[in-house]
Amino acid sequence: MTNWHVRSYDTTDHTATVRLLEEVRSDAEGPSFDLTDTVLALREDTPAVVAVTPDQFVGVAVAKYERGHAQVLALAIAPAWRYRGIGSALLQALENQLLHAGHRRITTLLAPGQFGELAFRNRGFSKTGLTLYEKYEPLRPADVTTVERWGGTLLTAAEWHGLAGMADGKRLVEQRLLLPIKENELAETYGVVTPTAMLLFGPPGTGKTSFARAVAARLEWPFVELLPSRLVAAGGGNLAAELRTAITDLMQVERVVVFIDEVDEIAQSRDAVGPESQSVVNELLKAIPQFRSAPGRLLICATNSIAALDPAFIRPGRFDLVLPVGPPDAPGRRLLLDRFLERIDNKQVDIEPVVAATELFTPADLAATVQRAVAAAFHRAVDRGERLPVTTDDLLAAARSSRPTISSEELERFRADAKIFTRS
């Protein structure tokens, strides 16, 4: 948990800002920037953000813009606070200010090997010359308000890289989604159509939402989750009308991933529901062709019960990809357990018996198992007054005392559904 936060620059921060800028300029490893230009810009109500702790001023990022061009003038972090994610957080907040001011192209000048390169790379800036870094924001300034109105967000690449236990799904996304976009001209030559609608199905807790978020992060498109409960509340109880409004609004965004979770709640078979629910299904069926007609938009729906969906909703021609998301296999569990355990220095663990003992465990189950094991080790260390390691036995005991989210019966139903409905 961090004890710092990022906020907008205030004129009362001027003295502390100048002091920090002077401090880092005198540091041999610090960034290079024009102190005079930066201070003058601060006097002109330029976009700027600061990072602070309860009792210390630890970072600042300053930009300026003119003639439609935005430039980051300075990114400075106190030496003792570097490499904690502060630089990336400052840049993200500064980018938001520049977007709201109507600026999409953002550049900065960095000397090779200069401090700050990592933060700019983490935020998606690319090197275009010997010293010039620039970035085109995935959102047009005009789209920011729309995405924010529907609770959307821009995700970082960490969401994709951190997705473990879904190697097949990630490989499919790279091949079917990313490659045709990257090689657009060649894809058009072969008549390859980039998927615009995806349906994920599988038992609860298997990571469908995480997968959808990771896809948006990989595409570098904003992610908007449309929650049926929120739509009902916003639409005064009229879910179909509010869904239509949301889709119409979001179709104006240049690039966007729209995610609807637990779609079985609103897209059940029309033979089994009343007129109101039928109208919701109809709106969803109308939405899919809209996504198909506009490149740069992707609709992802997720369901715990694909068999309960209206047949018209899942017939060929609706979703380009229908993908099963089940509990991780043995390699996936091994990867997840390694990741959950990597921040624990004091451990003596043979991972293979734990992998074998957690066959039906979802990612959430595995995370809970590790937490139960480390809690047991912690209490043992407290009782004995010495730093004892987390052991294989701790993990196996935690696994034995855990009840997997997915039952064997649910797993069999999922496997049967996967044979019937999977389309890739």
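These legends go with a set of close-up views of a predicted model.

**View 1. The five-stranded sheet around S11.** Five strands make up an open sheet here, lined up in the order S9-S10-S11-S8-S12 and paired in parallel. At the edges sit S9 (223-225) and S12 (321-324), each with pairing on one side only. Go from one strand to its neighbour and you'll find a turn of 20° on average, ignoring direction. Helix H9 (residues 208-219) lies across S8, S9, S10, S11 and S12, and its direction is at about 170° to that of S11.

**View 2. Strand S11 and the strands it pairs with.** S11 covers residues 297-303. It runs parallel to S8 (residues 197-201), with five bridges joining the two. S10 (residues 256-260) also pairs with S11 in the parallel sense, again over five bridges. Cys301 is a handy spot to look at: Leu199 stands opposite this cysteine, and so does Ile260. Elsewhere in S11, Arg297 is the bridge partner of Val256.

**View 3. Both faces of S11.** How many of the seven residues of S11 are buried? Seven of the seven, so to speak the full set, which leaves the strand mostly covered. In a regular strand, side chains alternate between the two faces of the sheet. On one side of S11 you have Arg297, Leu299, Cys301 and Thr303, and on the other Leu298, Ile300 and Ala302. Both sides are covered, and the residues on each are all buried.

**View 4. Helix H1 and its buried face.** H1 takes in residues 14-25, twelve in total, and at 1.5 Å a residue it should span 16 Å; the C-alpha atoms at its ends are 17 Å apart, which agrees. Its buried residues are Thr17, Val18, Leu20, Leu21 and Val24. Looking down the helix axis, these fall within an arc of 160°, so they line one face of H1. What do they pack against? Their partners are helix H2 (35-42) and the strands S2 (48-53), S3 (56-66) and S4 (69-77). Turned away from that buried side are Thr15 and Arg19, both exposed.

**View 5. Two loop residues with positive phi.** Most residues other than glycine have a negative phi. Asp45 has a phi near 55°, a positive value in a residue that isn't glycine. You'll find Asp45 in the loop between H2 and S2. Is Asp45 buried or exposed? With a relative accessible area of 71%, Asp45 is exposed. Glu220 also has a positive phi, near 65°, and isn't a glycine either. Its place is the loop between H9 and S9. Glu220 counts as exposed too, at a relative accessible area of 53%, since the cut-off for exposed is over 50%.

**View 6. An aromatic pair, Phe313 with Phe319.** Searching the whole structure turns up four aromatic pairs. One of them joins Phe313 and Phe319, whose ring centres are 5.2 Å apart and whose planes are at 75°, so the pair is edge-to-face. Planes have to be over 60 degrees apart to get that label. Are these two rings' residues buried or exposed? Phe313 and Phe319 are both buried.

Note on methods. Residues are numbered from 1 along each chain as its sequence is written. This is a predicted model: local features need pLDDT of at least 70, side-chain atom pairs count only at pLDDT 80 or more; totals for chains, interfaces and linings use all residues. Side-chain values use heavy atoms; hydrogens and water are left out. Buried means under 20% relative accessible area, exposed over 50%, partly exposed in between (1.4 Å probe, protein chains only). Helices (H or I, at least four residues) and strands (E, at least two) are DSSP runs, numbered from the N terminus. Two strands pair if DSSP finds at least two bridges between them. The expected span of a helix is 1.5 Å times one less than its number of residues. The arc is that of the directions from the helix axis to the C-beta atoms. Contact means heavy atoms within 4.5 Å. Axes are lines fitted to C-alpha atoms, for helices over the stretch in contact, and angles run from 0 to 180 degrees between N-to-C directions. Rings of Phe, Tyr and Trp (its six-membered ring) pair if their centres lie within 6.5 Å; planes under 30 degrees apart count as stacked, over 60 as edge-to-face and the rest as tilted.
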